[in-house]
Amino acid sequence: MVHTTSRRSILQLYGQREHEVIYSIQRVVLQRILIEETARYPNITIRFDQQCIAADPKENRLTFRDKTHGKEYSVELAPTIATDGANSAVRASLVERGYLAACFDMLDHGYKELTLPSFAGGYALNSDALHLWPRGDFMLVAMPNLNCNMTATLFLKNTGPVSFAALKDSQGVSEFFNREFPDAVPRIQNLTEQFSSNPQSRLGTVSVKPWQTLGAVLLLGDAAHAIVPFYGQGVNAAFEDCVVFDSLLDKHEQWAPLFLDFEKVRRADTNAIAQMSLENYMELSAAVLQPDFVLRKFLELELERRFPDRFIPQYSMVTFHPEISYAQAQQRGKIQEDILAELTLGESKSAQHRLGITDFALAARLIHEKLPVLACGSAPNNDSSAKWHDISRRPELIRS
């Protein structure tokens, strides 16, 4: 749901089929599900309040701090699969000891979360949509939670004339929100108090080479390839890591070749989603309001209807087709952008009219020349083996 500067709201569908929706779930709920599922396995021991603080392959030592008692202790390192997130202590230890190189590409934007409480016994805004206030180089996003409140996130530059640094006091915050997001302000309770007390967080991409140390340690998920959130694929990418790793287990008898193979198979996809996530920020914050963007969406959906085995919008490939890899979606997406550019070249009429005069004979020739047939086509995905979709089968925990 796009909220324009004139207070008009425009619903833009993610896809064109009933199943082509995305789901919002609170992190704490997801964490609880994962812990409960893990606890079902008798050969797994879960230890809480144990903070990993260092890894040393040379000494074969993994060091923890018991947060309850404040004591430090060590266990044998090899093999360790480190999934300790974007701020991974294991990764930091390995970088410090020269086993890995890590690059942190931080955006000049940060974010701050605010809460929209329930309104008149229901949601403050339509709960069947992700709400988006695009404003060029900044934006506000709001998503529904299970308890009838909503989480709003402001993405804004850290410094500059329009930035977090410029919002120095309650008056400035109030004036900024009333000017840019007037229809959201009545729904945000205690806006200035929330803005003052809630933390400001950073945004960036983490790149690591290599992800492993010859059978001793493997970084997985955000520890290896944290990305910005603008494609909504960070958690999904980590789950896909697990699926790929699982598929390789029976092919190897030793950890070192398994870790090497995993990185070789997976790196192209994680590089692709990192790049697409950065590109999607510009689309979300600015492009969705542009007439050319609306035309492109019209045309993408029409080409998908006419050529379902060859043309699928990039967003749909990434979000609704797990059988299409991130790297493949990125590659085909670039080709499709070139096709769309050629089909709309030189036109200046309204999106609907421009769609009506599109040369579909030319479209057919370009698509058949440049886009090989996709084995999956564009049919709904009902493959129950797609393990990273299991969460969507828990309707009591999610909202569309």
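Begin by selecting Ser-201, which in this predicted model counts as partly exposed, because its relative accessibility is 24% and the partly exposed class lies between under 20% for buried and over 50% for exposed. Ser-201 has its place in strand 11, which covers residues 200–209. If you leave aside the neighbours within four places in sequence and display what remains around this serine, you will find Ser-201 in contact with Gly-110 and Tyr-111. Now add Ser-247 to the selection and draw a distance from C-alpha to C-alpha: Ser-201 and Ser-247 are 46 residues apart in sequence, and the line between them spans 35 Å in space.

Next, follow strand 11 to Lys-209 and select it together with Pro-210, since a cis peptide bond joins Lys-209 and Pro-210, with omega about -20°. Pro-210 is found in the loop between strand 11 and strand 12, the latter being residues 217–219. Stay in the loop between strand 11 and strand 12 and select Leu-214, which is found there as well. Leu-214 is not a glycine, and yet it has a positive phi of about 50°. Leu-214 is also exposed, with a relative accessible area of 67%. As background to these two stops, most residues other than glycine have a negative phi, and most peptide bonds are trans.

For another cis bond, go to Ala-78 and Pro-79, where the peptide bond from Ala-78 to Pro-79 is cis, with omega near -10°. Pro-79 has its place in the loop between strand 5, residues 72–76, and strand 6, residues 80–82.

Then move along to Ala-120, which is found in the loop between strand 7, residues 101–116, and strand 8, residues 131–134. Although Ala-120 is not a glycine, its phi is positive, at about 55°. A relative accessible area of 80% makes Ala-120 exposed.

Now select residues 360–370, which form helix 12, and show the side chains of Phe-360, Leu-362, Ala-363, Leu-366 and Ile-367, which are buried. Turn the view until you look down the axis of helix 12: its buried residues fall within an arc of 145°, and therefore they line one face of the helix. The background here is that an α-helix has 3.6 residues a turn, so residues three or four places apart point the same way. With the view unchanged, colour Ala-361 and Glu-369, which are exposed on the other side of helix 12.

Finally, zoom out to the whole protein chain, whose secondary structure comes to 12 helices and 12 strands. The radius of gyration of the chain is 23 Å, close to the 21 Å that the globule rule gives for 400 residues, so the chain is as compact as a globular protein of that length. Along its principal axes, the C-alpha trace spans about 70 × 55 × 40 Å.

Colouring by burial will show that 44% of the 400 residues count as buried. With a surface displayed, keep in mind that the protein chain exposes about 21,100 Å², of which carbon and sulfur atoms supply 51%. If you turn to contacts between residues at least 6 apart in sequence, 65% of them join residues at least 24 apart. As a last selection, take the charged residues, where the mean positions of the 41 positive and 48 negative charges are 2 Å apart.

How values were computed
Residues are numbered from 1 along each chain as its sequence is written. Side-chain values use heavy atoms; hydrogens and water are left out. Helices (H or I, at least four residues) and strands (E, at least two) are DSSP runs, numbered from the N terminus. The radius of gyration is taken over C-alpha atoms; the globule rule is 2.2 Å times the number of residues to the power 0.38. Buried means under 20% relative accessible area, exposed over 50%, partly exposed in between (1.4 Å probe, protein chains only). Contact means heavy atoms within 4.5 Å. Accessible areas come from the Shrake-Rupley method with a 1.4 Å probe; for residues, only the protein chains shown count as cover. Lys and Arg count as positive and Asp and Glu as negative; His and the chain ends are not counted. The place of a charge is taken as NZ of Lys, CZ of Arg, CG of Asp or CD of Glu. The arc is that of the directions from the helix axis to the C-beta atoms.
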